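User: I have a structure to go through before lunch. Can you take me round it?
Analyst: Go ahead and put it up.

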Amino acid sequence: MNKVTLESIINKILSKEVDFCETFEEESITKVYKLLNGKLDKINYNYLKGIGIRIANNNDIVYGYSNKLDNNSINNLVDNLTKNFSDNKKMSNIALNDLKVYKTKVKTTHDELSDDKKKEYLYKIDKIARSYSDKIVQVDASFYEYDGKVTIANNSLNYVEDNRVLTRLIINVVAESNDKQTNSMKTFGLSGGYELVDTIDIEKEVTLLAESAVKKLSAKPCPSGEMPVIIGPGFGAVIFHEACGHSMEATTVALGTSVLSGKLGEKVASDKVTIIDDGTLNNYWGTTNVDDEGNQPQKNILIENGILKGYLIDELNNRKMNMNITGSGRRENYKYAPTSRMNNTYLAPSTDKIEDMIKSIDYGIYATNMGGGSVDPVTGDFNFSVNEAYLIENGKVTDMVLGGSLIGNTIDILKNVEMVSDDLRFDTGFCGSKSGNVPVTIGEPTIKVSKILVGGN
Amino acid sequence: MIDELLKLANSKNIKIEVFVDEDITTSIETMNDKLEKYESSSTNSYRIKALYNNKIVTINTEDISNPETIINNIIDFTNALDKEEDTTFARNIDIRNNAKEKEDKDYKKIINDLISLNKYKEKYPNIENINMYYTDKYNKISIVNKDVELIDTSNINYIYGEIVWKEEGINQTGWFNLISLKYDFSKIEEKFIETIKDVEAKIKAVSCKTNKYNVIIKNEQVFKILNRYKDMYDAEQIRNNLSPLTKDYNKKIFSDKITIVEDPTNNNLVGTRLFDMEGNATYYKELVKDGKFITKLYDNKNAIIEGKKPTGTSGGVRNMYIVPGSDSYEDLIKKMNNGIIIDSLEGLHAGANVITGELSLQATGYEVINGKISKSLKLIIMQTALKELFNNVICVGNDLEMFSVTGGSPSILFDNITIVGKE
């Protein structure tokens, strides 16, 4: 929609007793190239085009969306959304500022890499995995491409367009022996184009996945009970994403029900814990040029040396909390109202040595590869799964064990982070919450947690 | 627009079919005694299935105003795909007319109903927050190709309620889901009261001793597991070694007390559909009968590959459930005598492996001693595997309830399941 149309929609809404109005237009293409059985099996294509309109008066909020973009449909949507607001106009009409245009830095666009080249790369993954062992029975590898344009306009005169490009590679290797199946999975992603493949040592990564899947076929059951655990770098950060990240989002903090509500300035974690959410990291998977409310992302220090320093605040929760907006308003697409969400969340590195972590444990687990998890931000009870793990016995890493899950409570676990190494690594994922699934990066160096409940047999 | 697309496709020798999905949704969120958010939406989306040069392409789009772009994409994608395949397209099927209009709802009454639940704060002063979500979803689907136009509609009411209880500085959450064809506040209130009692008990929850236990998994939690594994019967997943049932067709996989059916034509259930996403008539079927895996699911393409008939499940199963037994939930507790009730399982997206069948899930529940609830439990882990779990069935309850359009489940009593706790 052009500027005049948007101004007319916003001004029509401002004729009611409202003090906030925002339009969010989105047009995007998502394409997934999926390799299965050594062949390009599917291309999934998804085209979205629609608008979301958010209106507020103090803390009364309405949200609506439609992909019927003709004048009549938009007028119906606006009428429906404003019908319960009185005619006591309280804000002046606006004229939007000039459009600010943002663009993800891309070296190799999705179109620049031909379909044949994409296929060649996927074939290579299949070949590397299957050549590792004849026990590899399936290689499921996909390229995910997102090209989207969002335009955000609001009565604070924010008027921005963001051209977003995301690229991701997902590899899942399945091994089988004697009717037992195992799998190992890894993802790589960035906010950018096919320069992604230049950042991956594909031979090494796929071989490691194949090796892990085959080794799991003869892995012992995971022990269970409360014990010390070393969590490897990268995706292991899901522990902080789940255990405390969600509890620092304004969605629950503003209600006063988050386990970390009202604890600013308090010691909530061990001295070893400094957690940062940074939406500005150059071309990271969870980075945005502007957030989904048109605000600049920023580096937010959430916990510093164990002290709770801040929360993630979006535009409307800032009203309830009277705290500065942190550029964290995010949504999956125009069908969701935005709320405060994480971008690239990581635990800052420290100086402890992994060898010392291992030596310090008589009996425990070394979780080298983690899966996803979930949390109840109100209670702080969380879980996350272990994809690959080894036993630690008498200060030495011994047998591989099958994955289980780790569960705990935010408050306990943050205090139980005993050692933090310097090998900070990042991994990519999608995080699901109130405003849908958004791309996030999580990062951590190897850590030792003094005790956590391990689910096993 | 669809006509133009069909004509253009025909002129390029592309066989094509459009699945149209129209949604009109109204959502209401209340927080305590206030309307927190009102949401309204109206969307159309299109799934275009095409067969060109012996390749199948599916395009999902929200805009069909430019048929040329769609056709060009179809041609480009078929050029890129490696596999030659075949599929079939919808033909006239003998269906009932189910093209209903959107039901009118009194949203003001619904808002007042949801806010009225705050009266329970007087009786239970530890209730900190009551957060209620109501969604009224009208859905119309149609399939259009050169031969047919099939239409089906549904009106579904969704309720999600969350209660936060605060006692001595500790927070506890309780929540419930309800899905129904008709809005019925008395059922919402009934579930709400049950949830209050549960959250009140959970505030004092502790962990348990790691051991093998007899376990009752409550109906909604059994359904979560069933739903997580809903694609494991799919013929393509099985053929590609991406299902825990890869080697199990026509074999006994579960206890003979387990029969799993898909019941998509039952008008009393919320997931009822006349036809699937490829226009095949839906029908009642047993997926697992007396523990034996007897029905693989086929869309049109995979039916041709394996020489079978499509099973009317393209787009996913509807109204899938475990056939209930005769014991009430209370009977299950009596039969268990000593053991654990699991009333919440979390983290299934990561802790339930859809390829290997491994299950390692955060749980809450109650310990039962001599047929009576002795204490509430939290921060425990249910550690098992799909086949192990459903082979260890003592009896299936009669409290079948539907929790989504995909289906539901009764509660089930299992034996010898590992529960990991801190003790």
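**Contacts, helices and loops**

Analyst: Starting with B:Lys309: once its neighbours within four places in sequence are set aside, B:Lys309 is in contact with B:Tyr298 and B:Ala303. Keep in mind that this is a predicted model.

User: Where is B:Lys309 found?
Analyst: In chain B, in the loop between helix H8 (300-306) and strand S11 (320-322).

User: Buried or exposed, B:Lys309?
Analyst: B:Lys309 counts as exposed, because its relative accessibility is 71%. Its C-alpha atom is separated by 7.1 Å from that of B:Tyr298, and the two residues are 11 residues apart along the chain.

User: Before I go on, what are the scores of the model?
Analyst: ipTM is 0.91 and pTM is 0.93. For chain B the mean pLDDT is 95, with 99% of its residues at 70 or more.

User: OK, helices. What angle do H3(A) and H4(A) pack at?
Analyst: About 45°, with the axes 9 Å apart; H3 covers residues 115-132 of chain A and H4 covers residues 202-216 of chain A. That angle makes H3(A) oblique to H4(A), because it falls in none of the parallel, antiparallel or perpendicular ranges. The crossing of the two is right-handed.

User: Which residues meet there, H3(A) against H4(A)?
Analyst: From H3(A), A:Tyr121, A:Lys124, A:Ile125, A:Ile128, A:Ala129 and A:Tyr132. They meet A:Ile202, A:Glu203, A:Val206, A:Thr207, A:Ala210, A:Glu211 and A:Val214 of H4(A). By class, the residues of this contact of H3(A) with H4(A) are nine nonpolar, one polar and three charged.

User: And how far apart are the axes of H1(A) and H2(A)?
Analyst: 10 Å, at an angle of about 25°, for H1 (residues 3-14) and H2 (residues 71-82) of chain A. H1(A) is therefore roughly parallel to H2(A), since the cut-off for that is under 35 degrees. The crossing of H1(A) and H2(A) is right-handed.

User: Which residues make that contact?
Analyst: H1(A) supplies A:Ile9, A:Lys12 and A:Ile13, and H2(A) supplies A:Ile74, A:Asn75, A:Val78, A:Asp79 and A:Thr82. The contact of H1(A) with H2(A) divides into four nonpolar, two polar and two charged residues.

User: Why is H5(A) said to be largely enclosed?
Analyst: Because eight of the eight residues of H5, residues 238-245 of chain A, are buried. They are A:Val238, A:Ile239, A:Phe240, A:His241, A:Glu242, A:Ala243, A:Cys244 and A:Gly245.

User: What does A:Tyr63 touch?
Analyst: Not counting residues up to four places away in sequence, its list includes A:Gly52, A:Ile53, A:Arg54, A:Leu81 and A:Arg331, and from chain B it has B:Tyr38, B:Glu39 and B:Ser40. A:Tyr63 lies in strand S3, residues 60-66 of chain A, and counts as buried at 0% relative accessibility. The C-alpha atoms of A:Tyr63 and A:Gly52 are separated by 7.1 Å, with their positions 11 residues apart along the chain.

User: Back to chain B. Where does B:Gln221 lie?
Analyst: In helix H6, residues 219-228 of chain B. B:Gln221 counts as buried, at 5% relative accessibility. With residues up to four places away in sequence left out, B:Gln221 touches B:Ile342, B:Asp343, B:Ser344 and B:Leu345.

User: Now backbone. What is the phi of A:Asp179?
Analyst: About 65°, a positive value although A:Asp179 is not a glycine. Most residues other than glycine have a negative phi. A:Asp179 is in the loop between strand S6 (159-177) and strand S7 (180-190) of chain A, and it counts as exposed at 59% relative accessibility.

User: And B:Asn241, what is its phi near?
Analyst: Near 60°, again positive in a residue other than glycine. B:Asn241 lies in the loop between helix H7 (235-239) and strand S8 (260-262) of chain B. B:Asn241 is buried, with a relative accessible area of 12%.

User: Last one: how many residues apart in sequence are B:Asn398 and B:Asp327?
Analyst: 71 residues in sequence, and 5.4 Å in space, C-alpha to C-alpha. B:Asn398 lies in the loop between strand S15 (393-396) and strand S16 (401-402) of chain B, and it is partly exposed, with a relative accessible area of 37%.

Key. Residues are numbered from 1 along each chain as its sequence is written. Chains are lettered from A and ligands numbered from 1 in the order in which they are written. This is a predicted model: local features need pLDDT of at least 70, side-chain atom pairs count only at pLDDT 80 or more; totals for chains, interfaces and linings use all residues. Side-chain values use heavy atoms; hydrogens and water are left out. pLDDT is the predictor's confidence in each residue, from 0 to 100. Axes are lines fitted to C-alpha atoms, for helices over the stretch in contact, and angles run from 0 to 180 degrees between N-to-C directions. Helices (H or I, at least four residues) and strands (E, at least two) are DSSP runs, numbered from the N terminus. Angles under 35 degrees count as roughly parallel, over 145 as roughly antiparallel, 65 to 115 as roughly perpendicular and the rest as oblique. A crossing is left-handed if the near helix is turned anticlockwise from the far one by less than a right angle, and right-handed if clockwise. Contact means heavy atoms within 4.5 Å. Ala, Val, Leu, Ile, Met, Phe, Trp, Tyr, Cys and Pro count as nonpolar, Asp, Glu, Lys and Arg as charged, and the others, Gly among them, as polar. Buried means under 20% relative accessible area, exposed over 50%, partly exposed in between (1.4 Å probe, protein chains only).
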